[in-house]
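Load the model in your viewer and keep the selection box handy. We'll go stop by stop, picking elements and looking at what sits around them.

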Amino acid sequence: MPAASAIHTLIVDDQMSMRALIRTSLQQIGFREFREASDGEAGLREMITKPAHLVISDFNMPKLDGLGLLRAVRAHPPTQGAAFIMLTGRADKELVQRAVQFGVNNYLVKPFTVAQLREKVEGVFGVLT
Amino acid sequence: MASSEPPAPAASVRVHVGQGEHYVTSDPDVMLTTILGSCVAMCLRDPVTGVGGMNHFLLPEGAGSGTDAGRRYGAYAMEILINDVLKAGARRESLEAKLFGGGRMFDSLKDVGVANADFAERFLRDEGIAVVGGSLRGSGGRRVQYWPSTGRALQRAVTDQALPAVAARPRPVEAVDAGALELF
């Protein structure tokens with residue numbers, strides 16, 4: 001069982017409020033290691049500089065959206081093994097299907113609860129300690 | 001040929017924005033309208049492109065502005081309007097907002113209107129979006145009219161009788177229709 005505190009996470013969202021919500025939700029699950037980026041391009045730079053174990057990314061973002069970031073992460077050998085969870089709106093069924101094609105590991109529908117976030121993360125990493 | 005007749009006013013299209021809804025347009029003929037009690041409406045626009053819109057939200061029952069549930073729901077309600085305004089061509093750095101609502105209603109024990117108003121102000125401060133007008137808190141309801149293309153907004157007080165019944169909880173926004181797509 002992986003320890004949540006050992007998972008390094010990159011949070012990518014153009015809204016500061018949403019990044020803060022994700023961060024505090026992850027902290028409640030036991031995560032301790034975070035970095036943040038405010039758009040897909042910045043997220044990709046962060047990943048190339050220092051790959052994270054887990055990327056939690058919004059879809060709608062300026063410069064490079066969540067799908068673009070996912071494709072870039074999967075195309076770059078040092079980062080392609082990272083787990084990737086996409087945040088979506090409720091009407092984004094088509095987006096989820098496209099994200100699956102590009103290798104997303106899971107998706108999370110906004111607004112989400114801490115329990116839902118935990119379920120999605122554990123769906124990727126297994127039960128967390 | 002000169003005419004002494006004043007120009008006819010442009011045809012105005014009224015769009016009502018109900019609780020849990022939002023609407024975005026760049027059409028200068030569109031006027032957005034809503035009726036607010038303790039709910040809050042954010043009127044948002046980019047004055048450069050003339051793209052704008054309005055939402056109308058109420059934090060979940062029992063979830064004040066400082067609670068996790070309140071912030072989660074509220075941040076999402078704001079985000080979907082911001083995203084749609086940006087998708088329609090607005091630029092984030094130009095966005096300006098007017099906030100209305102958050103009134104104290106006679107039939108409520110807790111002042112949920114203040115919680116909604118506090119949340120909206122904090123959200124816009126955190127996101128760096130300028131608040132250029134509006135009217136929050138106070139007592140009673142408001143009818144709001146907003147023209148996104150110009151940023152003009154009008155409000156007038158309404159009596160309790162004119163206010164729509166507020167749903168006990170916001171419309172559920174959970175879950176993609178997951179029956180159609182389940183991963184893993």
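Before the first selection, a bit of vocabulary: two strands pair if DSSP finds at least two bridges between them. Strands (E, at least two residues) and helices (H or I, at least four) are DSSP runs, numbered from the N terminus. This is a predicted model, where local features need pLDDT of at least 70 and side-chain atom pairs count only at pLDDT 80 or more, while totals for chains, interfaces and linings use all residues. Residues are numbered from 1 along each chain as its sequence is written, and chains are lettered from A and ligands numbered from 1 in the order in which they are written.

**Stop 1: the sheet of chain B**

Select the strands of the open sheet in chain B: there are 5, in the order 2-5-4-6-7, and the pairing is mixed. At the edges you'll find strand 2 (22-25) and strand 7, each pairing on one side only. Neighbours in this sheet are turned by 10° against each other on average, direction ignored. Axes here are lines fitted to C-alpha atoms (for helices, over the stretch in contact), and angles run from 0 to 180 degrees between N-to-C directions.

Start at the strand 2 edge. Strand 2 of chain B runs antiparallel to strand 5 (residues 51-55) of chain B, with 4 bridges joining them. Pick Thr25(B) and you'll see Gly52(B) of strand 5 opposite.

Now colour strand 6 (residues 96-101) of chain B. Of its 6 residues, 5 are buried, so the strand is largely enclosed by the rest of the structure. (Buried takes 20 or more other C-beta atoms within 10 Å of a residue's own, with C-beta atoms placed from the backbone.) What does strand 6 of chain B pair with, and in which sense? Strand 4 (residues 40-46) of chain B joins it antiparallel through 6 bridges, with Cys43(B) opposite Lys98(B). Strand 7 (residues 130-136) of chain B runs parallel to strand 6, again with 6 bridges; there, Phe100(B) has Ser135(B) as its bridge partner.

**Stop 2: helices on that sheet**

Add helix 1 (residues 68-87) of chain B. This helix packs on the sheet, touching strands 2, 4 and 5 of chain B, and its direction makes about 160° with that of strand 5. Contact means C-beta atoms, placed from the backbone, within 7 Å. Helix 2 (residues 112-127) of chain B lies across strands 4, 6 and 7, at about 175° to strand 6.

**Stop 3: where two helices cross**

Keep helix 1 of chain B and add helix 1 (residues 16-29) of chain A: their axes come within 10 Å and cross at roughly 150°. That makes the two helices roughly antiparallel (the label for angles over 145 degrees). To see who touches whom, show Ser17(A), Met18(A) and Leu21(A) on one side and Arg71(B), Arg72(B), Ala75(B) and Glu79(B) on the other.

**Stop 4: the sheet of chain A**

Last selection: 5 strands of chain A forming an open sheet in the order 2-1-3-4-5, with parallel pairing. Strand 2 (33-37) and strand 5 (106-109) of chain A stand at the edges with a single partner strand each, so one side of each has no neighbour in the sheet. Here, neighbouring strands are turned by 20° on average, direction ignored. Zoom to strand 3 (residues 54-58) and strand 4 (residues 83-88) of chain A, paired parallel over 5 bridges, where Ile56(A) stands opposite Ile85(A).

Methods
Buried ≥ 20, exposed ≤ 12 C-beta atoms within 10 Å, placed from the backbone. Parallel < 35°, antiparallel > 145°, perpendicular 65-115°, else oblique. Contact = placed C-beta atoms within 7 Å.
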